[in-house]
Amino acid sequence: MTSSTVRPHAALLAAAAALTLAACSPPAQKKAEAPAAPSAAATGAPADKFVMPDVPAGDYKLDPSHASLSFKVSHLGFSHYTARFADFDAKLRFDPANPSASSVEATIDPRSLTLPSPPAGFKDELTGKDWLDAGQYPTITFRSTKVEVTGANTAKVTGDFTLHGVTKPVVLDATFNGGYAGHPMDPQARIGFSAHGVFKRSEFGIGSGVPAPGTTMGVSDEVDVSIEAEFSGPALAKAPAAAAT
């Protein structure tokens, strides 16, 4: 695979999102465990009904140590070339009682493009003028405009995605993985999401190498983006002080 036949830069969409975003438990002392979400049986909900854990509404910020932003493009129809961005951030306003009122903003640094075993000069080519043109467009952004609940723990997040100087709407399919209000070893609220989306890079002015109609000779126009993200939010409420004697 040569540098002229792969266009991973299109993965930029993945930033969007925050959206939207592999959950790892915070460090624990001995056998201490994070509090579990209430079970369906305990709440009387149907067995297949997702139960919203007790997490507070408010502003959440991305935990970059527990987040990833990767993308795939078809290479000649033989494989799905996979790469990622290492430097991205997101801010989330989350309302568990009214998820449709939630919103997310995300930014990606295209210069943080990380490639698997790249040949010499390949990254420079992809971040150069013929592709991402990171010098001219140093930031990729996603700002949600609508959150549509589609299931017990799923939603479609529509937002304005800006890539290569072009802004167009993009939709992410997001899944809420759960969370907690806080833990002695992690005293902030924590929530986690997975998100997935697809967009056409040619619509953002990055059309080099798109296969001719009816062929796979090149790199796919469609870019498949995957996001895993944890966010930390409001501090864990302190237990009430003991009453004075």
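**Strand S3, its partners and the core**

Strand S3 (residues 88–94) has two contrasting faces: Phe88, Ala90, Leu92 and Phe94 form the covered one, while Asp89, Lys91 and Arg93 form the uncovered one. The model is predicted. In soluble globular proteins, nonpolar side chains tend to be buried together.

S3 pairs with two strands. S1 and S3 run antiparallel and are joined by 4 bridges. Within this pairing, Lys61 stands opposite Lys91 of S3. Strand S4 (residues 103–108) also pairs with S3, again in the antiparallel sense, over 6 bridges. Here Phe88 has Ile108 of S4 as its bridge partner. Phe88 belongs to the covered face of S3. Lys91, by contrast, lies on the uncovered face.

The largest nonpolar core holds 47 residues. Within this core, Ile191 and Phe231 touch the most other members. S1 gives the most to the core, contributing 6 residues.

Strand S1 (residues 58–75) also contains Asp63. This residue has a relative accessible area of 13%. Asp63 therefore counts as buried, as the value falls under the 20% cut-off. The side chain of Asp63 makes a polar contact of 2.9 Å with the side chain of Arg190. Beyond residues up to four places away in sequence, Asp63 touches Arg190, Glu230 and Phe231. Arg190 thus appears both as a touching residue and as the polar partner of Asp63. Phe231 links this site to the core: Phe231 touches Asp63 and, with Ile191, touches the most other core members.

Methods:
Residues numbered from 1 in each chain as written. Predicted model: local features only at pLDDT ≥ 70, side-chain atom pairs only at ≥ 80, totals over all residues. Heavy atoms only, no water. Buried < 20%, exposed > 50% of the residue type's maximum accessible area, 1.4 Å probe, protein only. Polar contact = N/O pair within 3.5 Å; in protein donor to acceptor, adjacent residues only side chain to side chain. Contact = heavy atoms within 4.5 Å. Core = buried A, V, L, I, M, F, W, Y, C linked by side-chain atoms within 4.5 Å. Pairing = 2+ DSSP bridges.
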